[in-house]
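Please open the structure in a viewer and keep the selection tool at hand. The stops below are meant to be followed in order.

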Amino acid sequence: EPLFRSRDTKPSIVLTDSNVELELGQEFNYEDYLAEQEYAKRYKITYPDNSDVDTTKPGKYVVEYKLQTLTDTNVTKLKVTVVDKTKPTLELTESLVKLTRGKDTKNFDPKKYIKDYSDNYDKKEDLELNYTETFDWSKDTVKVDYTVKDKSGNITSEKLVVSVSDP
C-alpha cells in the first residue's frame with residue numbers, strides 16, 4: 001500500500017527528548033538532542049545558541065528549535081534543567097580520639113575536629129554544617145556524626161569515634 005503523509009502534518013524538528021537534565025558544568029550542545037532530520041535540506045532551520053543554557057549555575061531553561069516553511073514557523077521546545085548533584089566535601093582532623101572521662105570530656109568540642117568543608121558550587125557560608133553536640137560520657141565509645149548539606153540537598157557525612165577511658 002502507498003506511503004503518504006497527510007497534508008495537515010506540519011514538518012517540525014524532532015528531538016530525542018523534550019526534557020534534559022545536565023550536571024553543573026556539563027556542556028550544553030543543541031546538536032546532541034536532534035533526532036534524524038529529514039527537513040534540514042528543504043527548510044530554513046534556526047537552532048538555539050549553545051550559550052542559551054548557562055551550566056555554571058543551577059537553573060531551568062527552554063530553548064527553541066525553529067523550522068521555517070513557506071507558510072509558517074514551527075517551534076520545537078527543549079526544556080533543560082541544570083542540576084547540582086555533587087556532594088560537598090568534609091574533612092576531619094581525626095577519625096579516632098582517646099579521651100579521659102571527666103578530665104578531657106568536660107571541654108570536648110566536636111567543632112575542633114573539623115579540618116575543612118566546601119562545595120563545588122555553594123559558598124561555605126551557605127552550607128549547612130551539623131554535628132552531634134550531646135554525649136553520654138558514661139559509655140566507653142561515643143560517636144560524633146558530622147554532616148554538610150549544600151543548597152541542592154547533597155549531603156556528605158563523616159564520623160569521629162571517641163574512645164573514653166577512666167582516669
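**First stop: a pair of bridged residues**

Select lysine 44 together with glutamine 68, its bridge partner in E3. Bear in mind throughout that this is a predicted model. Now extend the selection to E2 and to strand E3, residues 59–68. These two strands pair in the antiparallel sense, over three bridges.

**The sheet around them**

Next, display the open sheet of four strands, whose order is E1-E4-E3-E2 and whose pairing is mixed. At its edges are strand E1 (19–23) and strand E2 (44–46), each of which pairs on one side only. Turn the view to follow the twist, which averages 20° from one strand to the next. In general, the strands of a sheet pair through backbone hydrogen bonds, either parallel or antiparallel.

**The largest nonpolar core**

Which residues have the most contacts inside the largest nonpolar core? Select Leu90, Phe108, Trp137, Val144, Tyr146, Leu160 and Val162; the core as a whole has 18 residues. At least two residues of this core come from each of strand E5 (89–92), strand E6 (96–100), strand E7 (114–118), strand E9 (141–149) and strand E10 (155–165). E9 gives the most to this core, with four residues.

Centre the view on leucine 90. Leaving aside residues up to four places away in sequence, leucine 90 touches Ile114, Asp116, Tyr117, Tyr146, Thr147, Val148, Thr156, Ser157 and Glu158. Apart from the largest core lies another, of 17 residues, which include Leu22, Phe28, Ile45 and Val82.

**Aromatic rings**

The count of aromatic pairs comes to nine. For one of them, select tyrosine 131 and tyrosine 146, which form a tilted pair with 5.9 Å centre to centre and 40° between the planes. This pair links distant parts of the chain: tyrosine 131 is in strand E8 (residues 128–131) and tyrosine 146 in strand E9, 15 residues apart.

Is tyrosine 146 buried or exposed? Its relative accessibility is 0%, so tyrosine 146 counts as buried, the cut-off being under 20%.

Then select Phe108, Tyr113, Phe135 and Trp137, which form one aromatic cluster. Phe108 and Trp137 were also selected earlier, among the residues with the most contacts inside the largest nonpolar core.

**Last stop: a charge over a ring**

Finally, select lysine 124 and tyrosine 117. The charged end of lysine 124 sits over the ring of tyrosine 117, 4.8 Å from the centre of that ring. Tyr117 also appeared at an earlier stop, as one of the residues that leucine 90 touches.

Conventions: Residues numbered from 1 in each chain as written. Predicted model: local features only at pLDDT ≥ 70, side-chain atom pairs only at ≥ 80, totals over all residues. Heavy atoms only, no water. Pairing = 2+ DSSP bridges. Axes fitted to C-alpha atoms, helices over the stretch in contact; angles between N-to-C directions. Core = buried A, V, L, I, M, F, W, Y, C linked by side-chain atoms within 4.5 Å. Buried < 20%, exposed > 50% of the residue type's maximum accessible area, 1.4 Å probe, protein only. Contact = heavy atoms within 4.5 Å. Phe/Tyr/Trp six-rings, centres within 6.5 Å; stacked < 30°, edge-to-face > 60°. Lys NZ or Arg CZ within 6 Å of the ring centre and 35° of its normal.
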